[in-house]
Amino acid sequence: FGAFTSAELASARGSRAKNPHTTTSRWLGDGLVFAVDTPAGRLFPAFQFVQGTPRPVIAKVLAALAGQLRG
């Protein structure tokens, strides 16, 4: 399924924001998506998105797993 960087997601959405991390940071804070920190940087698994927008079901899954996810 691949993975996206914040910049790739911003590009997929047609964002013109100067900071491509703004939207993904908000999504993370709101519990809409999750990311994986790697040596190459923070990556967002692609299955979470449809045309660069978070799938609503991801927020439901993350809410159901709240407090159970580590590392």
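Begin by selecting Phe4 and Phe44: Phe44, in strand 3, is the bridge partner of Phe4. The model on display is a predicted one.

Next, extend the selection to residues 3-4 and 41-45. These are strand 1 and strand 3, which pair in the antiparallel sense over two bridges.

Keep strand 3 in view and add residues 36-38, which form strand 2. Strand 2 and strand 3 are likewise antiparallel, with three bridges between them. Within this pairing, select Val36, whose bridge partner in strand 3 is Leu43. Then follow the chain from strand 2 to strand 3, where a hairpin of two residues makes the connection.

Return to Phe44 and display what surrounds Thr24. Thr24 belongs to helix 2. Beyond its neighbours within four places in sequence, Thr24 is in contact with Phe44, Ser6 and Leu9. Is Thr24 buried or exposed? Because its relative accessible area is 3%, under the 20% limit, Thr24 counts as buried.

Now turn to the cavity. The structure contains one cavity of 30 Å³ or more, and the largest cavity encloses about 40 Å³ of space. To outline the largest cavity, select its lining: Ser6, Leu9, Ala10, Arg13, Ser15, Pro20, Thr23, Thr24 and Trp27. Colour the model by element at this point: helix 1 (6-12) and helix 2 (21-29) are the elements that give two or more residues to this lining. Finally, recolour the lining residues by character, which separates them into four nonpolar, four polar and one charged.

Note on methods. Residues numbered from 1 in each chain as written. Predicted model: local features only at pLDDT ≥ 70, side-chain atom pairs only at ≥ 80, totals over all residues. Heavy atoms only, no water. 1 Å grid on protein atoms, 1.4 Å probe; cavity = no way out; pocket = protein on both sides within 12 Å on 5 of 7 lines; lining within 4 Å. Points joined across faces, edges and corners; volume = space filled by probe spheres on them. Helix = DSSP H or I, 4+ residues; strand = E, 2+ residues; numbered from the N terminus. Nonpolar A, V, L, I, M, F, W, Y, C, P; charged D, E, K, R; others polar. Buried < 20%, exposed > 50% of the residue type's maximum accessible area, 1.4 Å probe, protein only. Contact = heavy atoms within 4.5 Å. Pairing = 2+ DSSP bridges.
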